[in-house]
Amino acid sequence: MYQYIINGGQPLFGEVTISGAKNAAVAIIPAALMVDGVCRIENIPQISDVTLLYTILAGLGAKVTEIDDHTVEIDSRSITSTEAVDPLVCKIRASYYLIGALLGRFGEATVAMPGGCNFGVRPIDQHVKGFKALGAAVDEDECVHAQAIGPNRRLAGANIYLDVVSVGATMNVMMAAAMAKGTTVIENCAKEPHIVDLANFLNSMGADIKGAGTDTIKIRGVDRLTGGTYCIIPDQIEAGTYMTAVAATGGQLLIKNVIPKHMDCISVKLMEMGVYVEEMDDTLLVRRTGALRPTNVKTQPYPGFPTDMQPQIAAVLALAQGRSTVTEAVWSNRFRYIDELKKLGAQVEVDDRRATIDGVEKFHGAHVQACDLRAGAAMVVAGLAAEGTTQISQVQFIERGYEDIINKLRSVGADISIVHIPDEPLPPESVG
Ligand code: EPU
């Protein structure tokens, strides 16, 4: 196992370039299974979730060729199986996109599902509701078995109202409907940037999807998706994490390769806290020189404040001058990391879905765990600001979603390194 060692308390200065969006990539790679041709995908982040998906796709018979660090060609003309039951499938939550992709193209899918969960109940009832509305029979045991029951094993377009605003259900049902016979209308959709990105990817392969990024998505099913080239959007959450890092440490970062519009929900909160944020084309200048002001944050589906930035902003608020609150409205249990933050000196009380944070003047180094991906990112943000040495264990969670975080941070002045710890116990599975 590995640990990050951070000697913190230094401001960050310099430039960071943001990688492709993890939560777009983990949907678009499975969606490549629907393409009867070769698709070239650019700006793929080099993270462990992506590597794992390549292995899963190859196991189904796809030819996966890494052209360079950030470009892959996936040829799904030779798919030999619609059963994704390898234990690897259970390691990431995004494996549920294999259901929509395989069911959409082949009319059947058997996909193993993650067993545990790390921040509350993570049902897939809305995904299943959508598949059933499109004419699939769906059974769940340790796998999800879905099969189109209509003529020629083809799904049929339908009107679907999602009872919960769900990123995964919106994308999964969109995939399944892309090759259904007739028109599908999905209402009460999630509107995250990666939903628009998946729709753009599918459209560039020949799908007919309109309205992604709004509450209502309309999909005219097509017979076939053919190959093409697609470039993934920058990662909103990675960019936001570097914004919170400089907010916590002080200093100035130029954060390059972002879509500033996607960052507004994060920028406004940081500006309320006294952080200077300036948008310039595809770059953000973020500077913090004075004291941090407290504020209140409530997570919401996009365009609200993202739940995947909740731990990182809490780490910054814990250094503000006064009392802040953070309300988690998406997940039922996403405050497990607070006990770790307290080890660094944070003063926080959690009551169900609300954390009340009384800012402290400084953090001090300590040994903390990365409980999951974004919790781990928050430990990095806090460790960079903490005086003394912070050790972060279970960093494989962080590497699921942050490309080359060590070198990116070092290049802006952070004293951070990774060390091998032979005897550290294995952590529980993470399924983020
Ligand atoms: N929900 C249901 N039924 C469903 C699906 C979801 O009740 O069928 C509920 C969930 O329990 C939750 C809420 O709806 O309370 C939102 O869940 P959503 O489906 O939007 O989450 P997800 O698709 O499983 C993705 C990201 C998460 C991110 C959430 C919310 C991926 C692989 N994961 O999860 O990202 O927190 O959307 O934005 O895209 C991360 O990157 O660290 C991460 C956990």
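**Two domains and a ligand**

Me: How many salt bridges does the rule find across the interface of domain 1 and domain 2?
Reply: In this predicted model, one salt bridge is found across the interface of domain 1 and domain 2.

Me: Why is the pair Arg400 and Asp49 called a salt bridge?
Reply: The closest N and O atoms of Arg400 and Asp49 are 2.9 Å apart. The cut-off for an Arg nitrogen and an Asp carboxyl oxygen is within 4 Å, so the pair qualifies.

Me: What else can be counted between domain 1 and domain 2?
Reply: Six residue pairs, both partners at pLDDT 80 or more, are in polar contact between domain 1 and domain 2. On the side of domain 1 that touches domain 2, the residues are nine charged, seven nonpolar and six polar.

Me: Which residue ranges make up domain 1 and domain 2?
Reply: The domain assignment gives 2-19 + 234-420 for domain 1 and 22-231 for domain 2. To their contact, domain 1 gives 22 residues and domain 2 gives 20 residues.

Me: How much area do domain 1 and domain 2 bury between them?
Reply: About 1700 Å² is buried between domain 1 and domain 2, with 50% of it on carbon and sulfur atoms.

Me: On to the ligand: what makes Asp308 a polar contact of it?
Reply: A polar side-chain atom of Asp308 lies 2.6 Å from an oxygen atom of the ligand. The limit for a pair of N or O atoms is within 3.5 Å, so this pair counts.

Me: How do you know that Tyr96 and Asp125 belong in that category too?
Reply: The side chain of Tyr96 has an N or O atom 2.8 Å from an oxygen atom of the ligand. For Asp125, a polar side-chain atom is 2.8 Å from a ligand nitrogen atom. Both values are within 3.5 Å, so both are polar contacts.

Notes
Residues are numbered from 1 along each chain as its sequence is written. This is a predicted model: local features need pLDDT of at least 70, side-chain atom pairs count only at pLDDT 80 or more; totals for chains, interfaces and linings use all residues. Side-chain values use heavy atoms; hydrogens and water are left out. Domain bounds come from an automatic or database domain assignment. Contact means heavy atoms within 4.5 Å. Buried area is the accessible area (1.4 Å probe) that two parts lose on being put together, summed over both. A salt bridge is a side-chain nitrogen of Lys or Arg within 4 Å of a carboxyl oxygen of Asp or Glu. A polar contact is a pair of N or O atoms within 3.5 Å; within protein, one must be able to donate a hydrogen and the other to accept it, and residues adjacent in sequence count only if both atoms are side-chain atoms. Ala, Val, Leu, Ile, Met, Phe, Trp, Tyr, Cys and Pro count as nonpolar, Asp, Glu, Lys and Arg as charged, and the others, Gly among them, as polar.
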